[in-house]
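I opened a new structure today and kept notes as I went. Here is what I looked up, in the order I did it.

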Amino acid sequence: MRNGAAARPDFLFESSWEVCNKVGGIYTVLSTKARTLHRQYGDRVIFIGPDLGSSGAGFLADASLFAEWTAHVGANETLRLKVGRWDVAGRPPVILVDFKPCFSERNALFYEIWEAFGVDSYVACGDYDESCIFAYAAALTLQSFYRFYGLEEKQVVAHFDEWMLGMGLLYLRKHLPAVATVFTTHATTVGRSIAGNGKPLYGYMAGYDGDRMAQELHVEAKHALEKQAAHRADCFTTVSDITATECARLLDRAPDTVTPNGFEPDFVPTGEAYDAKRDRARQTLLRVAGKLLGAPVNPDAFLVATSGRYEYRNKGIDLFIDAMNRLRRSDRLRSETLAFILVPAWVYAPRADLKAALEQDFPQTEPMQTPFLTHWLHRMADDPVMNFIFHAGFSNRPSDRLKIIFVPCYMDGRDGIFNLPYYDLLIGMDATVFPSYYEPWGYTPLESIAFGIPTVTTGLAGFGAWAKSAVAGETMEEGVAVVRRTDDNYSEVADTIADVLLSLSRKGKTERAAVRQACFDLASRAGWQHFITHYDTAYGLALARAAERNKANE
């Protein structure tokens, strides 16, 4: 055995619901980390994700990869697997598991995990069953690979992300204890639920009991699974110091180390390609806005956006709209401004009138009906974003200096209106705003500065806290403005955001170029080449503790 934290795995498996499945920030963590890990481990780093019946996000089948094992699995085991490579930088091996056949073992599995670890799945609801059965199937896949290739003398680490994979970690802990386990929570179930239900989290943290709050918020099973995974993992990690404090209080275990999320610069075009993509993005954004608003938009308009999951309070979507309203009412705003909310909601369909206007390019003199929305929604009257836009008094009249547009679709390049993926629209913005209340890390502001777009975030986001330690973060001159946010200073934050954007909108071309360079400089300090060392530490800790644990059990 190599010494402690200096030990490195011979094989590294990482399992997540978001392997080849683009849902949220964890997909970005894994897909951008892949190249750096593959450089270190080659084809001995293997990702395991769910087979959801499609080809997967970037899955490339490769029949030659682990061919002997896949033939064995097909002939002798009930696992249904797709083996190939993930079409991201590094192209690491990936195994997609069809977990549906494992549902027949659900009751026996849940009883076994309850008996061994005290996880009560009886109170489960929502996506609990599907997540746990996939996690179980992922563990079976790893176990099969381990035994077929005789890895008993190798140092093997199994890394599981989020509560959804906790069942897989616990299964391995019982059935394959020689494997060292790492568990990363990107956000605690109870912490997210407290914040999402409008309860104060930070000022009252010391008074919360995780188990009791899980019962009150009806997330007992997820919390119990997450807590046991955190306690039983050989190494428990989270993504920021903010969430480490949360874990210590709500999960009763402080993480062994913090593993912040980096970014891969290969995703960002350079030189003439950057300029071309930025021009295309701006033209697309302005053209769609012009058709929706019924009048051409100034080519030099100031474009600002927010994006992310539809967590209205946690992500600060409410604050973004409020700040835009204050900016709209300011008599100091000189430039025409478009504010985009790029947040997936319950979309019914792309607007047929807007789609026709774009395709036929007929002249317009009047705004369209509901000129705030690019796609029609199911139950639009109940949508919080639309309700706040109406309540705040936005009208998107031609005379308004600031107009707001809600783009409620997933930006995958096939939305029917923009037809460009998220990054290809992000690059056209002049600024972004992510005023999160609950944000363990915060990929969206990091992605923004990586693309040269200055951003506003808060000190309650893990990335915001990291940025504040790297630069002053008072204004956007350094690429990011980090606004102080607490449980009860909502109005102050909205005013500050408006002021920061107003200042940026008044800068000239040379000053904005300097700000863009500051963005690139700061983003380069958050690259995976710098942050991967935290994962090296986690793997080393896991291997050392697994060795001690197994020796004690001999």
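**Entry 1: strand 5 and its partners**

I started with strand 2 (residues 45-50), which runs parallel to strand 5 and is joined to it by four bridges. A reminder to myself: this is a predicted model.

I then looked for facing residues in that pair. P50 sits opposite V97 of strand 5, and G49 is opposite L96.

Next I checked strand 4 (residues 80-86). Strand 4 and strand 5 are antiparallel, with six bridges between them. Here L81 is the residue standing opposite V97. So V97 turns up twice in my notes: P50 is opposite V97, and L81 is opposite V97 as well.

How many residues of strand 5 are buried? I looked through residues 93-98 and found six of six buried, so I put strand 5 down as mostly covered, buried being under 20% relative accessible area. I also sorted the side chains by direction. P93, I95 and V97 point one way, while V94, L96 and D98 point the other way, and all of them are buried.

**Entry 2: the hairpin turn**

Strands 4 and 5 make a hairpin, and six residues lie between them. In the turn I noted G90, with a positive phi of about 100°. R91 is in the loop between strand 4 and strand 5 too, and R91 has a positive phi of about 45° without being a glycine. I flagged that one because most residues other than glycine have a negative phi.

Is R91 buried or exposed? It falls in between: R91 has a relative accessible area of 43%, so I wrote it down as partly exposed.

**Entry 3: the whole sheet**

I stepped back to see where these strands belong. The sheet is open, has nine strands in the order 3-4-5-2-1-6-7-8-9, and its pairing is mixed. Strand 3 (59-61) and strand 9 (257-258) are at the edges with a single partner strand each, so each has one side without a neighbour in the sheet. In the strand order, strand 5 is listed between strands 4 and 2.

**Entry 4: D43**

I picked D43, in the loop between helix 1 (25-41) and strand 2. D43 has 30% relative accessibility, so it counts as partly exposed.

What does D43 touch? Beyond its neighbours within four places in sequence, the contacts are H38, L65, F66, R85 and P93. For H38 I found a polar contact of 2.8 Å between its side chain and that of D43. P93 caught my eye for another reason: D43 and P93 are 50 residues apart in sequence, yet their C-alpha atoms are 6.1 Å apart. P93 belongs to the strand 5 set I had already listed as buried.

**Entry 5: another positive phi**

C20 is in the loop between strand 1 (11-15) and helix 1. Its phi is near 55°, which is positive, and C20 is not a glycine. Unlike R91, which is partly exposed, C20 counts as buried, because its relative accessibility is 4%.

**Entry 6: T238**

I moved on to strand 8 (residues 235-238), where T238 is found. T238 has 0% relative accessibility, so it counts as buried. A polar atom of the T238 side chain lies 2.7 Å from the backbone oxygen of T185. Leaving out residues up to four places away in sequence, T238 touches a fair list, including T184, T185, C247, P255 and T257. T257 is part of the range of strand 9.

**Entry 7: helix 15**

Helix 15 (residues 443-450) is mostly covered, with eight of its eight residues buried. Among them are Y443, P445, E447 and I449. Just after helix 15 comes G452, with a positive phi of about 80°.

**Entry 8: the second largest pocket**

Last, I looked at the second largest pocket, which holds about 350 Å³ of space. Which helix gives the most to its lining? Helix 18 does, with four residues. Helix 10 (271-293) and helix 18 (509-524) each supply at least two lining residues.

I went through the lining by name, and it includes R278, R282, D300, D430, K507, K509, R512 and R516. By class, the lining has eight charged, three nonpolar and one polar residue.

Notes
Residues numbered from 1 in each chain as written. Predicted model: local features only at pLDDT ≥ 70, side-chain atom pairs only at ≥ 80, totals over all residues. Heavy atoms only, no water. Buried < 20%, exposed > 50% of the residue type's maximum accessible area, 1.4 Å probe, protein only. Pairing = 2+ DSSP bridges. Contact = heavy atoms within 4.5 Å. Polar contact = N/O pair within 3.5 Å; in protein donor to acceptor, adjacent residues only side chain to side chain. 1 Å grid on protein atoms, 1.4 Å probe; cavity = no way out; pocket = protein on both sides within 12 Å on 5 of 7 lines; lining within 4 Å. Points joined across faces, edges and corners; volume = space filled by probe spheres on them. Nonpolar A, V, L, I, M, F, W, Y, C, P; charged D, E, K, R; others polar.
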